[in-house]
Amino acid sequence: MKILALEFSSPQRSVAIVQSAPSGGAHAAPSVSEVIETGGRATKAIGMIEEALRDAQLEREQIECVAVGLGPGSYAGIRAGIAFAQGWQLARNVKLLGVSSVECIAEQACADGLIGPINIVIDAQRYEFYLGQYSLAGNGWTELQPLRLATLPEVQQIERAGQTLIGPEATKWFPGARIVLPRAAVLGQLGLRRNDFLSGEKLEPIYLRETTFVKAPPPRIIPS
């Protein structure tokens, strides 16, 4: 499987090409080519994808699956990743995967050597945070508490209790936290283990707040 992974949910945007090991062995390491972009607000997605393809020595037509990080995080970045995935499927009829960026953070934390219970915290704006609890071990992670919205005082209380906080911008609010970012390389490797493929219209950002829409009033018609 040759996967194009797009992770745009955090201030560090990344694109990766992840390929199954040619031997196909269960424990064989996949081949990974990753391009990372930091700083600025605009994501140069096309240039990053082209660079990753060059590094992997692949053509666009050889991509079999596009995996995209669904957040939570930067709504604009996540939407951009979903749009690219949908467009790629329309053009090439590839498989699509949507993966929680929180799972990517947990996987990255394991790779960084973190062990034990941790709290993943992501800024949700309005002094609220996406919060999920995981248990990390040498052979992977387990979800202890599903993702939810928490207030700033709630998360501060968790920090005061001595629990570990990690996340993309965690130190901005919590001095004792640790920065751990979701990465496309990890996203693609998670994708190699998945087969829950989706059609493009099924890809949706992870957004825990209820969305409310106010219908605009009809335009006034001024008699002539």
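Visitor: Which strands does helix H2 lie across, and how does it run relative to E4?
Guide: Start with what the helix touches, then look at its direction. In this predicted model, H2 (residues 75-92) lies across E1, E4 and E5. Its axis runs at about 165° to E4.

Visitor: What is the strand order in the sheet underneath?
Guide: Read a sheet by walking from neighbour to neighbour. Here the order is E3-E2-E1-E4-E5, an open sheet of 5 strands with mixed pairing. E3 and E5 are the edge strands, each pairing on one side only. From one strand to the next, the twist averages 15°.

Visitor: In which sense do E2 and E3 pair, and over how many bridges?
Guide: That pairing is antiparallel, over 8 bridges. For a spot to zoom in on, try Ile17, which stands opposite Ser33 in E3.

Visitor: Now helix H5. Which strands does it lie across?
Guide: H5 lies across E1, E2, E3, E4 and E5, and runs at about 135° to E1.

Visitor: Why is H5 called largely enclosed?
Guide: The general idea with helices is this: there are 3.6 residues a turn in an α-helix, so residues three or four places apart point the same way. Then count the buried positions. In H5 (residues 184-191), 7 of the 8 residues are buried, so the rest of the structure largely encloses this helix. Those buried residues are Ala184, Ala185, Val186, Leu187, Gly188, Leu190 and Gly191. They pack against strands E1, E2, E3, E4 and E5, and also against helix H3 (101-111).

Visitor: What about loops? Is Ser9 buried or exposed?
Guide: For a loop residue, check accessibility and then contacts. Ser9 sits in the loop between E1 and E2. Its relative accessible area is 6%, so Ser9 is buried, the cut-off being under 20%. Its side chain makes a polar contact of 2.4 Å with that of Glu7. Further along the sequence, Ser9 touches residues including Gly71, Pro72, Ser101 and Pro182.

Visitor: How many aromatic pairs does the structure hold?
Guide: There are 5 aromatic pairs. To read one, take the distance between ring centres and the angle between planes. Phe129 and Trp173 are 5.5 Å apart centre to centre, with 80° between the planes, an edge-to-face pair. This pair links distant parts of the chain, 44 residues apart: Phe129 is in strand E7, and Trp173 is in the loop between E9 and E10.

Visitor: Are these two rings buried or partly exposed?
Guide: One of each. Phe129 counts as buried at 1% relative accessibility, while Trp173 counts as partly exposed at 27%. Ring pairs also link Tyr127, Phe129, Trp173 and Phe174 into a cluster.

Definitions and conventions. Residues are numbered from 1 along each chain as its sequence is written. This is a predicted model: local features need pLDDT of at least 70, side-chain atom pairs count only at pLDDT 80 or more; totals for chains, interfaces and linings use all residues. Side-chain values use heavy atoms; hydrogens and water are left out. Buried means under 20% relative accessible area, exposed over 50%, partly exposed in between (1.4 Å probe, protein chains only). Helices (H or I, at least four residues) and strands (E, at least two) are DSSP runs, numbered from the N terminus. Contact means heavy atoms within 4.5 Å. A polar contact is a pair of N or O atoms within 3.5 Å; within protein, one must be able to donate a hydrogen and the other to accept it, and residues adjacent in sequence count only if both atoms are side-chain atoms. Rings of Phe, Tyr and Trp (its six-membered ring) pair if their centres lie within 6.5 Å; planes under 30 degrees apart count as stacked, over 60 as edge-to-face and the rest as tilted. Two strands pair if DSSP finds at least two bridges between them. Axes are lines fitted to C-alpha atoms, for helices over the stretch in contact, and angles run from 0 to 180 degrees between N-to-C directions.
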